[in-house]
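Student: I've got a model open and I'd like to go through how its pieces pack. Can we take it step by step?

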Amino acid sequence: MKDVDYDVIVVGAGPAGSISAKTCAEKGLDVLLIEKRQEIGVPVRCAEGVGKEIEMLVKIDKRFISAEIEKAKIITPNNATIELSADKAGNEVGYVLERKIFDRYLAKLASKAGAEVRVKTSAIGLERENGCVKLKIRSIGEVEEVKARIVIGADGIESKVAKWAGIDTTLKLDEIESCVQYLMTNIEFEENTTYFWIGKKFAPGGYIWLFPKGEDAANVGIGIMPKMSEKSAKILLDKFVRENFPDGNITEIVIGGVPVKGAIETAVADNVMLAGDSARHADPLTGGGIINGMRAGYLAGITAYEAIEAGDYSASFLRKYDERWKNDFGKTLERNKKIQEKLIKMDDETLNKLARSLEGKRIGEISVRKLVIELIKNHPKLLWDLKDILLS
Ligand SMILES: Cc1cc2nc3c(=O)[nH]c(=O)nc-3n(C[C@H](O)[C@H](O)[C@H](O)COP(=O)(O)OP(=O)(O)OC[C@H]3O[C@@H](n4cnc5c(N)ncnc54)[C@H](O)[C@@H]3O)c2cc1C
């Protein structure tokens, strides 16, 4: 008789969870992937922008691409525009996805690899028993217990798995961006271009974005640091939309938070690993979390396989996973957290001054890092303190 129902249970079928489940299943493990919603991929809580590096993680399929991005425009408080072209590698944004399709596609890959996928199934409690995990789940109203050797918590920003497992992922008030986004139609913008409005005038502690979603439609959203703003994200976005797209229609609203914490100390406990937003893997500078979530999902999957091969699911074995994600993107999280802390403190006049020096110049790569280096070249005194961070 088997001592467990599954080798691995993955909680949450977002990008991190589906890639974890796919990786484990491809290694021949018995995997259950559970998703609390009745449909994978909806509602979308994302602006859907990803860099071209996604091509290294999944084969691009036209069905989940809304737009391909060739350039980005950064607009400062006095409406100066810095244009960044994407003709070199390392793009900040290369595609705008259709996540309703993308997330389902990834879950299908997990299923094809052999994972069992169950929707409308929530994890509602976790206990450890005889070196394994007992996960309480509610599946279409029915409560049951399933046993596994390892649980991968890919249950997003509000992760319960992290709490149950005792992994500290607490977000302070200034470690979370509060976001509102409208899917808008009947608006004008340059095709294949993403837009970022920066500065306190637009979005204290964050930025406003426009990501194209095909002909005359786009995700227009705002992320702010609530502590830094007297007005709510929605009030600021409504004002922006009234002033810039008075004829636009709103066909969808997204409300959500993005963790901007930087690297956490550990994403593991006995029998448990966290991947993606649950482990605060989103980039603190851009708020992007899809690619890091997928990378973390893959690394958690590989580590789960090795742990099961070794018959050791202890936190000390699973720390291999911490090493792996930290080596992969942990340093970037740390560095971008420091840059974000400096940038959000910068006043609008300084941003205007910096932009004036770059106006009219084309910067050959959509990379925030490149942009900041360019700014330092122009304003060595103003940004000298960022030098060590950027060159580390
Ligand atoms: C407004 C906004 C705009 C964004 N824009 C971008 C962007 O342009 N580019 C980018 O890269 N990132 C963006 N992000 C961040 C990005 O959406 C996340 O980083 C990414 O979705 C994280 O993937 P994940 O798999 O970790 O979690 P999620 O995608 O959040 O998936 C977690 C899944 O777990 C499920 N779940 C939760 N609890 C349970 C439970 N108890 N039992 C079973 N299932 C459960 C949820 O229903 C969900 O499906 C944005 C976020 C917001 C809020």
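Student: At roughly what angle do the axes of H5 and helix H6 cross?

Tutor: Quick caveat: this is a predicted model, so local features need pLDDT of at least 70, side-chain atom pairs count only at pLDDT 80 or more, and totals for chains, interfaces and linings use all residues. Numbering starts from 1 along each chain as its sequence is written. Helices are DSSP runs of H or I with at least four residues, strands are E runs of at least two, and both are numbered from the N terminus. With axes as lines fitted to C-alpha atoms, for helices over the stretch in contact, and angles running from 0 to 180 degrees between N-to-C directions, H5 and H6 (residues 315–345) come within 9 Å and cross at roughly 155°.

Student: Which word describes how H5 runs relative to H6, given that angle?

Tutor: Angles over 145 degrees count as roughly antiparallel, under 35 as roughly parallel, 65 to 115 as roughly perpendicular, and the rest as oblique. The crossing is at roughly 155°. So H5 is, relative to H6, roughly antiparallel.

Student: Which helix gives the largest share of the largest nonpolar core?

Tutor: Such a core joins buried Ala, Val, Leu, Ile, Met, Phe, Trp, Tyr and Cys residues through C-beta atoms within 7 Å, buried meaning 20 or more other C-beta atoms within 10 Å. This one has 109 residues, with Val-8 and Met-273 among those with the most contacts inside it. The largest share, 8 residues, comes from helix H5.

Student: Which residue follows H2?

Tutor: Helix H2 covers residues 99–113. Its follower has a positive phi, near 120°, and is Gly-114.

Definitions and conventions
Buried ≥ 20, exposed ≤ 12 C-beta atoms within 10 Å, placed from the backbone. Expected span 1.5 Å × (residues − 1).
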